[in-house]
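Work through the exercises below with the structure open beside you, and try each task before you read its solution.

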Amino acid sequence: MPAKGKHRRPKHHRITRKLALAGTGGAALTLPLISATTAGAVQPTATTTAATAATTAAKVVTAAATTYSVVAGDTLSEIAVEHSVSGGWKKLYAANRSVIGDNPSIIRPGIKLKLDTQAETDRASRSAARTALKPAAAPAAKPATSYPNNLDGWIRESLAVMAKHGIPGSYNGIHRNVMRESSGNPMAINNWDINAQNGIPSKGLLQVIDPTFRAYHVPGTSQNSYDPVANITAACNYAAARYGSIDNVNGPY
């Protein structure tokens with residue numbers, strides 16, 4: 001309620017303001033309308049009136065209309081009406097109580113008020129709710145590694161399979177044995193040695209006989225013993241079991 005003995009300061013450009021009323025039972029209570037004041041101010045003078053008019057012209061509102069700098073003559077209810085504050089002066093006071101103090105009827109010139117705090121909170125809550133309802137984006141599938149269809153690619157792909165199954169071996173160890181056994185020809189076959197005479201000729205890059213290929217075949221590779229990757233991987237699996245690693249093989253095995 002306005003304090004006794006205080007009067008509103010006249011302004012050069014008077015703005016019509018609406019008085020907000022709050023009904024309580026059968027009575028209506030006038031909302032806080034005491035102007036912003038400085039301690040000890042009693043009667044307006046010509047000097048203070050001119051200063052008030054100049055200050056009023058310099059009211060500061062952010063570009064996003066989220067803060068307001070109080071000037072002499074302001075009241076919470078007038079500010080709430082002028083800036084369409086959601087919830088009126090009560091919400092404005094609640095959002096700025098820490099800077100206003102315990103008496104909403106007295107606001108000091110120069111303090112900055114946050115405007116429409118509740119509306120901003122509601123928008124943030126709705127945005128958070130929408131985000132929570134959105135299904136989580138599935139992680140992008142890792143593109144499969146592509147290997148060239150040549151000896152280099154076959155060895156590298158075989159090494160990747162071997163790594164998954166804990167089979168030892170190096171690029172150089174595989175390459176050295178491949179060049180000795182087949183010169184890098186995946187369709188190579190030995191039709192003259194004892195294996196061939198027994199009907200199980202050595203085949204492929206690392207010259208593996210079918211029984212050995214089947215016994216040491218590695219899951220995930222082709223069942224065709226001529227397949228370069230399947231042949232290398234099975235041969236390396238066999239060499240690991242018998243010699244510790246294909247790297248330890250330096251002749252017929």
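**Exercise 1.** At what angle do H5 and H9 pack, and how far apart are their axes?

*Solution.* Keep in mind throughout that this is a predicted model. Two packed helices are described by the angle between their axes and the distance between the axes. For H5 and H9 the angle is about 50 degrees, and the axes are 9 Å apart. Because angles from 35 to 65 degrees are neither roughly parallel nor roughly perpendicular, H5 is oblique to H9. The crossing of the two helices, H5 and H9, is right-handed. As a last step, find the residues that meet: on the H5 side they include Trp154, Val161 and Met162, and on the H9 side they include Ile232 and Cys236.

**Exercise 2.** Determine which helix supplies the largest share of the largest nonpolar core.

*Solution.* Begin with the core itself, which has 24 residues, and in which Ile174, Leu206, Ile232, Cys236 and Tyr253 touch the most other members. Helices H5, H6 and H9 each supply at least two residues, and the largest share, eight residues, comes from H9. Leaving aside residues up to four places away in sequence, Cys236 touches Met162, Ile167, Ile174 and Ile246. A second, separate core of 15 residues has Val71 and Leu76 among its members.

**Exercise 3.** Decide whether Asp74 is buried or exposed, and list its polar partners.

*Solution.* First locate Asp74 in the loop between strand S3 and helix H2. Its relative accessibility is 0%, so Asp74 counts as buried. Next, the side chain of Asp74 makes a polar contact of 2.8 Å with that of Tyr68. Finally, a polar atom of the Asp74 side chain lies 3.0 Å from the backbone nitrogen of Val71.

Conventions: Residues are numbered from 1 along each chain as its sequence is written. This is a predicted model: local features need pLDDT of at least 70, side-chain atom pairs count only at pLDDT 80 or more; totals for chains, interfaces and linings use all residues. Side-chain values use heavy atoms; hydrogens and water are left out. Helices (H or I, at least four residues) and strands (E, at least two) are DSSP runs, numbered from the N terminus. Buried means under 20% relative accessible area, exposed over 50%, partly exposed in between (1.4 Å probe, protein chains only). A polar contact is a pair of N or O atoms within 3.5 Å; within protein, one must be able to donate a hydrogen and the other to accept it, and residues adjacent in sequence count only if both atoms are side-chain atoms. A nonpolar core is a set of buried Ala, Val, Leu, Ile, Met, Phe, Trp, Tyr and Cys residues joined through side-chain atoms within 4.5 Å. Contact means heavy atoms within 4.5 Å. Axes are lines fitted to C-alpha atoms, for helices over the stretch in contact, and angles run from 0 to 180 degrees between N-to-C directions. Angles under 35 degrees count as roughly parallel, over 145 as roughly antiparallel, 65 to 115 as roughly perpendicular and the rest as oblique. A crossing is left-handed if the near helix is turned anticlockwise from the far one by less than a right angle, and right-handed if clockwise.
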